[in-house]
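Here is a brisk report on one protein–DNA model. Read it with the structure open.

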Number of protein chains: 2
Amino acid sequence: MPATIRDVARASGVHISTVSRTFSAPHLVNPETRSRVLACAEHLGYRPNRAARALITGRTHNIGLIVADIANPFFPPLIKAAESAARHRDYHIFVTDTNEDPAVEEELVHALAKQVDGVLLCSPRMSNSLIEQLSREVPLVVINRQVTGLPSVVMDVGQGARLAVEHLTALGHRHIALLGGPRGSWTSREIRRAATAAARAADAELTVLGPNQPTEHGGTGQAEHVLRLGATAVLAYNDLMAIGLIEGLDSLGVRVPEEVSIVGIDDISLSRLTRPKLTTVANPTGAAGRAAVDMLLQHGDDRRTTAQVTLQTELVIRDSTGPAPTGKPHTVKE
Amino acid sequence: MPATIRDVARASGVHISTVSRTFSAPHLVNPETRSRVLACAEHLGYRPNRAARALITGRTHNIGLIVADIANPFFPPLIKAAESAARHRDYHIFVTDTNEDPAVEEELVHALAKQVDGVLLCSPRMSNSLIEQLSREVPLVVINRQVTGLPSVVMDVGQGARLAVEHLTALGHRHIALLGGPRGSWTSREIRRAATAAARAADAELTVLGPNQPTEHGGTGQAEHVLRLGATAVLAYNDLMAIGLIEGLDSLGVRVPEEVSIVGIDDISLSRLTRPKLTTVANPTGAAGRAAVDMLLQHGDDRRTTAQVTLQTELVIRDSTGPAPTGKPHTVKE
DNA sequence: TCTGGGTATGCAAAGGTTTGCAGACGCAAC
DNA sequence: GTTGCGTCTGCAAACCTTTGCATACCCAGA
């Protein structure tokens, strides 16, 4: 039903190669012929079949972007920035969601390969070795993870975690709980590493809780646990969990930050809307999305580039952190 | 570099057609041969090129999903439901974002055509005639809009708006402001139509403000306007705007719902997190996503099906609405 | 021994496009 | 009247698969 290059050639009385050139190398065809061809194409509603073109040129002008959970407000700004960067270079971004499932991740890379010129793997949950293996199938740029031999963009979440812990210890907190992220998360390991070191340096106790689902619910569910632990401050893997934790504590009658201080990570827009407003580590997600697209596209087919970009993070102090409570710790109501 | 069907054929000593059948019609090939071919394929890391396959079968097993703004929490549940429905039928969803720009919308349809078996057009901002025209290029299912001759899935937002207005008038509100959505939105027009009718029926006054950006910011910006108007209740185009409006009123020192009642639309998860919790019209976004995928896939190539599905909405009463204030209306602080 | 049927494989066209090469043509210079 | 060059266009191969048809073979039945 849709018109092909052959239809246009027939209608305008030229060979298909001339039609092809009219679109992809206009300077090679006589202006008169060109306008005739264009008129016929217009009239027939012809559009080059991008799949067929890609088959021969090897370029699809598409980029795949795989994220762990599109419902997590952390991702949309990154996605939008990537889309904007791609659009400027005449590329399109196809976003897919893995539901935090490593198996789906792998399958999506396979599905995208050959339909895109490269894949941005955002917060992958699968193993490094699998990622390396997949990178032989399609060019990969990894975001929120470092994989040796592969180009990557990470935010310096270790530094952020350190700043957060220092902020809390400076407020007098001696026992901090860390709400870990999901299994397989590089970021979660980094946070843990840095937070542990920072706590030790300040001679404070740090207890790791997890792994947890990186959602509001994952935070809510740990509220009781945090209280039982007797921690007076919590660093959460992300803002969503921090917000969930605030909710959970609230419904247990515990006030934030008077009784428990909470720090999130990401600085999603939502963190400015909650009460109290969330103290959090700001991640430059937009810059990360742009950088990833740049890295993928910059070096054409030259896959040897394995630059690793690290973006700075920043502690944003709002209302969910305060001085450690004096007196004895709260108790869980039975 | 990546292995093709030819490499596998050479390695296993059979014709390429046998390799092809090993993957797409295994029962047609001798078990012995099959396992030999599979071993070679495995060893070479061969994966069928989906683009090439699509070229000949005409099926890509991909579905495009175009949304107006991926950062709007309204969409992710819909996206996830669509993905899940698609996955069950061995399809993949490619999501793209238009930044609320009709021109980008059109371009994306063109880009997706031939790379997908159909496109789910979600909350389109372009004209009906353009949509019809594009539907000749690739099968389309429209969500959140009715276009004659095209399959569509809409939520009965008119009913929702009516319920909301009735709720407000029952609370004694005589002057309601309606925060309209973006230009080109079918939903916005429906809401306006239904709200106007419902207000007239209750003998209340309804003032339409807009068009507005369907974001938090779009709501914040209208706070002063609403006050100046003297309206005691507001129905917003979506929850994001409602939340923005609450913020805006809050910073003007106006209390919700004591002085102004606010109703949103969508019931995004965020609406349960704000203070006060938002009264809103719940949209069955998940069901809409699933229904759209079903409609697209159900009828194979039979494009004549133009079923129009309407899903029910529901008013969820929370804490942002209350009795109309007695006494004189508030005044804008200068 | 011949026929018939079933199974496994090969052959080649097809799908829509790009692109290196070669041919056609016109024109200027010698 | 050649030669040579430049511009435009056609030819056909190539990209990687799938699939209808033909072929080859084996085995059973008569």
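The model is predicted.

**Contacts with DNA strand C**

The surface near DNA strand C splits into 13 nonpolar, 11 polar and 2 charged residues. In total, 26 residues surround this strand. The closest are A:Ile5, A:Ser17, A:Ser20, B:His15 and B:Ser17. Both protein chains are therefore represented in that short list, since it names residues of chain A and chain B.H2 and H4 of chain A, together with H2 and H4 of chain B, each supply at least two residues of the surface near DNA strand C. H2(A) provides the largest share, 6 residues.

**Contacts with DNA strand D**

DNA strand D has 25 residues around it. Those that come nearest are A:His15, A:Thr33, B:Ile5, B:Ser17 and B:Ser20. Four helices give two or more residues each to this surface: H2 and H4 (50-57) of chain A, and H2 (16-24) and H4 (50-57) of chain B. Which element gives the most to the surface near DNA strand D? It is H2(B), with 6 residues.

The two DNA surfaces are set out below.

| DNA strand | Residues around it | Largest contributor | Classes |
|---|---|---|---|
| DNA strand C | 26 residues | H2(A), 6 residues | 13 nonpolar, 11 polar, 2 charged |
| DNA strand D | 25 residues | H2(B), 6 residues | 12 nonpolar, 11 polar, 2 charged |

**The helix pair H1 and H2 of chain A**

H2(A) also packs against a neighbouring helix. H1 (residues 5-12) and H2 (residues 16-24) of chain A meet at an angle of about 105°. Their axes are 8 Å apart. The two helices are therefore roughly perpendicular to each other.

H1(A) makes the contact with A:Ile5, A:Arg6, A:Val8 and A:Ala9. H2(A) answers with A:Ile16, A:Val19 and A:Ser20. By class, the residues of this contact are 5 nonpolar, 1 polar and 1 charged. Two of the residues named here return from the DNA surface: A:Ile5 and A:Ser20 are among the closest to DNA strand C.

**Domains of chain A**

Chain A is divided into three parts: domain 1 (5-48), domain 2 (59-153 + 285-310) and domain 3 (157-284). Domain 2 is written as two segments. The C-alpha centres of domain 1 and domain 3 of chain A lie 61 Å apart.

**Where chain A meets chain B**

The contact between the protein chains takes 34 residues from chain A and 34 residues from chain B. On the chain A side, H4, H5 (75-88), S2 (92-97) and H6 (102-112) each give two or more residues. S2(A) gives the most, with 6 residues. The chain A side holds 18 nonpolar, 7 polar and 9 charged residues. H4(A) thus has a second role in the list of contacts, as H4 of chain A also supplies residues of the surface near DNA strand C.

**The six-stranded sheet of chain A**

An open sheet of 6 strands runs in the order S7-S6-S8-S9-S10-S12 in chain A, with mixed pairing. Its edge strands are S7 (205-209) and S12 (314-316), and each pairs on one side only. Neighbouring strands are turned by 20° against each other on average, direction ignored.

Inside the sheet, S9 (residues 261-266) and S10 (residues 279-282) of chain A pair in the parallel sense over 4 bridges. A:Gly264 has A:Thr280 of S10(A) as its bridge partner.

Two helices lie across this sheet. H8 (residues 157-170) of chain A crosses S6 (175-179), S8 (233-236), S9, S10 and S12, and runs at about 165° to S9(A). H12 (residues 239-251) of chain A lies across S6, S8, S9 and S10, at about 155° to S9(A).

**The six-stranded sheet of chain B**

Chain B has an open sheet of 6 strands with the order S7-S6-S8-S9-S10-S12 and mixed pairing. S7 (205-209) and S12 (314-316) of chain B stand at the edges with a single partner strand each, so one side of each is left without a neighbour in the sheet. The twist averages 20° from one strand to the next.

S6 (residues 175-179) and S8 (residues 233-236) of chain B pair in the parallel sense over 4 bridges. Here B:Ile176 stands opposite B:Ala233 in S8(B).

Helices cover this sheet too. H8 (residues 157-170) of chain B lies across S6, S8, S9 (261-266), S10 (279-282) and S12, running at about 165° to S9(B). H12 (residues 239-251) of chain B lies across S6, S8, S9 and S10, running at about 155° to S9(B).

Methods:
Residues are numbered from 1 along each chain as its sequence is written. Chains are lettered from A and ligands numbered from 1 in the order in which they are written. This is a predicted model: local features need pLDDT of at least 70, side-chain atom pairs count only at pLDDT 80 or more; totals for chains, interfaces and linings use all residues. Axes are lines fitted to C-alpha atoms, for helices over the stretch in contact, and angles run from 0 to 180 degrees between N-to-C directions. Angles under 35 degrees count as roughly parallel, over 145 as roughly antiparallel, 65 to 115 as roughly perpendicular and the rest as oblique. Two residues are in contact if their C-beta atoms, placed from the backbone, lie within 7 Å. Ala, Val, Leu, Ile, Met, Phe, Trp, Tyr, Cys and Pro count as nonpolar, Asp, Glu, Lys and Arg as charged, and the others, Gly among them, as polar. A residue is near a molecule or strand if its C-beta atom, placed from the backbone, lies within 6 Å of it. Two strands pair if DSSP finds at least two bridges between them. Domain bounds come from an automatic or database domain assignment.
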